[in-house]
Amino acid sequence: MKLTVKTGAKKITFSVEPGTPLPQALAQPGLFVTLPCGGTGRCGRCRVKASGALSPPTAAERRLLSEAELRAGVRLLCQAVVLGDACVELNGETERMEIAGDAQPQGGAVHPVRAPAYAAAVDLGTTTVAARLYALTEAGGAVVASAGRGNPQAAFGADVLTRMQRAQAGEAGALRESAGACIDGLLGQLLQTAGVEAGRLTELVITGNTAMLSLLTGEDTACLAKAPFRARRLFGEAVEAWRLGLRAAPGCRVYLPRCASAFIGADCLCAMLACGLTQAKEPCVLIDLGTNAEMVLFDGSAFWCASAAAGPAFEGGGISMGMMALPGAIDHVERKGFQIRCSTIGDQAACGICGSGLVDAVAVLLESGILAADGTICREDHPFRAMVCERENAPSVHFAGTGVFLTQSDIRALQTAKAAVRAGLQTLLNCAGLQTGQVRRLFLAGGFGRFLNLENAAAIGLIPPALAERTVCPGNAALDGAGLLAIQKELREPLEKLAQRVHTISLAEEPGFAQAYMEGMDFCKG
């Protein structure tokens, strides 16, 4: 049977098995969808227009959709199951994604390096999956192609915990196949782009956090979702490509790097390698800003690690008009006198706001008096009163000429995310007996960090002001590190040994974390 999807001026048709939930069906051709409430049908925000052979409206849909909407074919994406030929019209917030990897050769062209063998690296992130292809030459490895796309597992839930719950409810196989198919598609795309035969891809490294690697391999994740949070499998091993559903290069060797614990995954260890923490002499910090903000503090002799549940706000998730860093996303906001101006990726018409734009927006709103230090949207006592409007019986801030707005709940989402990061960092400093001023370098990794205005990040209290001038944003350091492991296999064993030596801190069990978290809720530079 066929499913037709219309998004803007585009229309694609592809085959789907009967009984496939609509979010999973959309993920097959690389359509990225987010389910704000994890697909439970609580929020009603995943409205789409659909027709054809679909399951009848559920009780959740009848509760959240009006009779007029139901008659017009409006459905909740998370509740519908494809039973036969059907058509879905997406509303523009969901579209086919092809994310350029941040090591793409200059100008976006394929770098013309020919070699007898090639290696690839993949960062299996919670929100996005990024990949690179390297030509193995006598001089080392040269990037010849890069690509990325949204993680189709988002159809099962925006966060790792929700996905693990779905896995334990009997959908582990579907989650495994979803991740495998995504990686397989990226590998095929890289090989085709570079004009490389599949047989020449000999080495593949796939990194990710402990939960993501467990979901990829079909490992039981129950132990990761409840105390005492001890992983049954920490990887640091090679597996056969076919076991992961990888058909693009079935003969290549696949290495899954070692994780340190349930909280500190292989992606964090790979980022440490790429940023040089494994060779550091002075105190430094690495924070990978994402849904799970993994952080590492080197105190001069030992490594202290923790993972803070920041949530998806930094990547545009859980925000009313949040989106990933795609064309049309507001990525920067600034104030010029009595005007607040926004810029968008690709200079396209604004259709949402991504993480860097969100941080800028909050910093500007604070400076302009629209936001109080506690995050409350102020209606009066500032010259920008026209920007504050009522939306669903609550104040919201509308950016003139864009159609984009931020609600009070959006502001709270960023508050909790940045409070988790600052409290996690402060807890690590306390454990190591260090002061902020003793840290010589802060590495702010991840795609979000790459485009972050550090002055604004300090203004809202996301990073300590004392470290703003010592901060480096290396981009996707996890992918960088995975690439090093793919090219230089001799680095694997030392990194595995390091993973066994780091001190993993459970933030929830640290007595000072809760207090630091509450203090971190306010938007201030302290």
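Trainee: Which residue in the turn of the hairpin formed by E16 and E17 has a positive phi?
Mentor: In this predicted model, strands are DSSP runs of E with at least two residues and helices are runs of H or I with at least four, both numbered from the N terminus. Strand E16 (residues 329–336) and strand E17 (residues 339–344) pair in the antiparallel sense over six bridges, where pairing requires that DSSP finds at least two bridges between the strands. The two strands form a hairpin with two residues between them, and the turn residue whose phi is positive, at about 60°, is Gly337.

Trainee: What pLDDT do side-chain atom pairs need in order to count?
Mentor: Residues are numbered from 1 along each chain as its sequence is written, and side-chain values use heavy atoms, with hydrogens and water left out. Because the model is predicted, totals for chains, interfaces and linings use all residues, whereas local features need pLDDT of at least 70 and side-chain atom pairs count only at pLDDT 80 or more.

Trainee: Which residue of E17 is the bridge partner of Glu334?
Mentor: The antiparallel pairing of E16 and E17 rests on six bridges. Within that pairing, the partner of Glu334 in E17 is Arg341.

Trainee: Which strands stand at the edges of the open sheet that contains E16?
Mentor: The open sheet has three strands in the order E17-E16-E18, with mixed pairing. The edge strands each have a single partner, so one side of each is left without a neighbour in the sheet. E16 and E18 run parallel and are joined by two bridges, with Ile330 opposite Ile353 in E18. The edge strands are therefore E17 and E18.

Trainee: What is the omega of the cis peptide bond from Ala227 to Pro228?
Mentor: Most peptide bonds are trans. Pro228 lies in the loop between helix H5 (210–217) and strand E11 (235–240), and the bond that leads into Pro228 from Ala227 is cis, with an omega near 5°.

Trainee: Is Phe235 buried or exposed?
Mentor: Phe229, in the loop between H5 and E11, has a positive phi near 55° and is partly exposed at 29% relative accessible area. Phe235 is found in strand E11 and also has a positive phi, near 65°. The relevant cut-offs, with a 1.4 Å probe and protein chains only, are under 20% relative accessible area for buried, over 50% for exposed and in between for partly exposed. At 7% relative accessibility, Phe235 therefore counts as buried.

Trainee: How many of the 11 residues of H11 are buried?
Mentor: Helix H11 spans residues 477–487 and is mostly covered. Its buried residues include Leu479, Gly481 and Leu485, and the number buried is eight.

Trainee: What distance separates the C-alpha atoms of Asn292 and Val421?
Mentor: Asn292 lies in strand E14 (residues 292–298) and is partly exposed, with a relative accessible area of 29%. Beyond its neighbours within four places in sequence, Asn292 is in contact (heavy atoms within 4.5 Å) with residues including Thr126, Asn209 and Ser307. Val421 is 129 residues away along the chain, yet the separation of the two C-alpha atoms is 9.5 Å.

Trainee: What is the radius of gyration of the protein?
Mentor: The radius is taken over C-alpha atoms, and the globule rule is 2.2 Å times the number of residues to the power 0.38. For 526 residues a compact globule would be near 24 Å, which agrees with the value for the protein, 23 Å.
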